[in-house]
Amino acid sequence: MQYHEPVWIPAHLTTGEPDSFAAFTLEERLPAILDNLANHADARTDQALQQLAVEIREGEITPLPPVILGLFDQVIKPYTGRRWTDMPFLTVELYFYARILLAFGHTATTLVDPFHPIKNTVSLQAIESLTTMTGYCDSDCDITGLLRWSMTGNTADLSQQVVTDAGQISLLVDESYVAGGLFDSGLNRIDFVFDNAGMDVLTDLLLILRISRHCSRIVAHVRPWPMFVSDVTMTDMKYLIRKLVTSSIPAAKKLGEDITQLLHQNRLIFRSSSALGLPVCFCEEEALTRETFENTELVIFKGDLNYRYFVGDRRWPHTMEKRYFFERFSQPAICLRTLKSEVLVGLPADIATRTLHLQPDWLTSGRYGIIQVFAH
């Protein structure tokens, strides 16, 4: 099939689009997150959260203090004075979480995570679940099976109002066998971008352990600060591994010990990546992509948010050719994701036609998943 360079790039998703998921997020999801946080806040923080709720409805974007959240204060500066209802979707989401951290007293020297308790809880629950899922812990577990389980693990997203049962996920696109073939091609370095705490990251660690046989080194990226309620930070990762190593569940303990061994051998490196705290697109910003994924030969993007980071938070046609993104990213990529936003590319024509008969919220309900490969 001949490839045709597109003559246009669609606009970013924005909160100003009526009946969009971005508008729904601003009206419903973000206020619900604030309500949940208020239950665990002192009087000063509660007041700041209430003020934030008012600003979302009626106010404007205000400046952020410098340095505390990397370069994000510089990114948000051009938007100062704009209404929340007239913002690029990903930018305003990141701004929302930055404001939450500031409300809880986050500074350059005082790091806070208001979501840490709930992430700890779901991580412990995930570890307990390994008692009934020992097949996935087997060193000879089929890699395609692990890819699919990792995809369904992505239902564990605490920023969503409804969390879908992993057993109810329907795969719209399943290129797990193609992905498996990439691991057999003799790679030196693979990068993995984590998403959520809990079962999501546990399935990722099992997948990382399995694919470590196929490469010399894996560089695994976490968020630079807490955001999207359940996204994994370095603190969360250290907590999870510590709990795995000390678990009384044999499969969990072995997983913790095996991951620890990879770390000691320098074959697995956890990295807190500043780019993952900015509203960027790795297929558009070459210098940032090179800095984040330097010398990699394959990147695995886990989750809905990281899909948006990869292809761009734009209103792409769902049948937009995958080759467009592969050529801009410059190395192969695998995306494991349950659909929770309106960004989707690379659908074959027959699958795109099939989506016309699905429920209207099929893109955002978390009931459908994809395993996509962007490669030659």
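A polar contact here is a pair of N or O atoms within 3.5 Å. The model shown is predicted.

**View 1. Seven strands form an open sheet with mixed pairing.** The strand order is β1-β7-β6-β5-β2-β3-β4. β1 (170-174) and β4 (268-272) stand at the edges. Each has a single partner strand, so one side of each lacks a neighbour in the sheet. On average, neighbouring strands are turned by 15 degrees against each other, direction ignored.

**View 2. Strands β2 and β3 pair in the parallel sense.** β2 covers residues 189-193, and β3 covers residues 217-222. Five bridges join the two strands. One residue pair to pick out is Val193 and its bridge partner in β3, His221.

**View 3. Helix α7 lies across five strands: β1, β2, β5, β6 and β7.** The helix spans residues 176-183. Its angle to β7 (368-374) is about 40 degrees. Also in this view are β5 (298-302) and β6 (333-338).

**View 4. Arg337 sits in strand β6 and is buried.** Its relative accessible area is 0%, and buried means under 20%. The Arg337 side chain makes a polar contact with the side chain of Asp304 at 2.8 Å. A further polar contact links the side chains of Arg337 and Ser341 at 3.3 Å.

**View 5. Arg337 touches residues from several parts of the chain, leaving aside those up to four places away in sequence.** Met151 and Asn154 are among them. So are Gly303, Asp304 and Tyr307. Val343 and Leu344 also touch Arg337. Tyr368, Gly369 and Ile370 complete the list. Asp304 thus appears again here, having been named as a polar partner of Arg337.

How values were computed: Residues are numbered from 1 along each chain as its sequence is written. This is a predicted model: local features need pLDDT of at least 70, side-chain atom pairs count only at pLDDT 80 or more; totals for chains, interfaces and linings use all residues. Side-chain values use heavy atoms; hydrogens and water are left out. Two strands pair if DSSP finds at least two bridges between them. Helices (H or I, at least four residues) and strands (E, at least two) are DSSP runs, numbered from the N terminus. Axes are lines fitted to C-alpha atoms, for helices over the stretch in contact, and angles run from 0 to 180 degrees between N-to-C directions. Contact means heavy atoms within 4.5 Å. Buried means under 20% relative accessible area, exposed over 50%, partly exposed in between (1.4 Å probe, protein chains only). A polar contact is a pair of N or O atoms within 3.5 Å; within protein, one must be able to donate a hydrogen and the other to accept it, and residues adjacent in sequence count only if both atoms are side-chain atoms.
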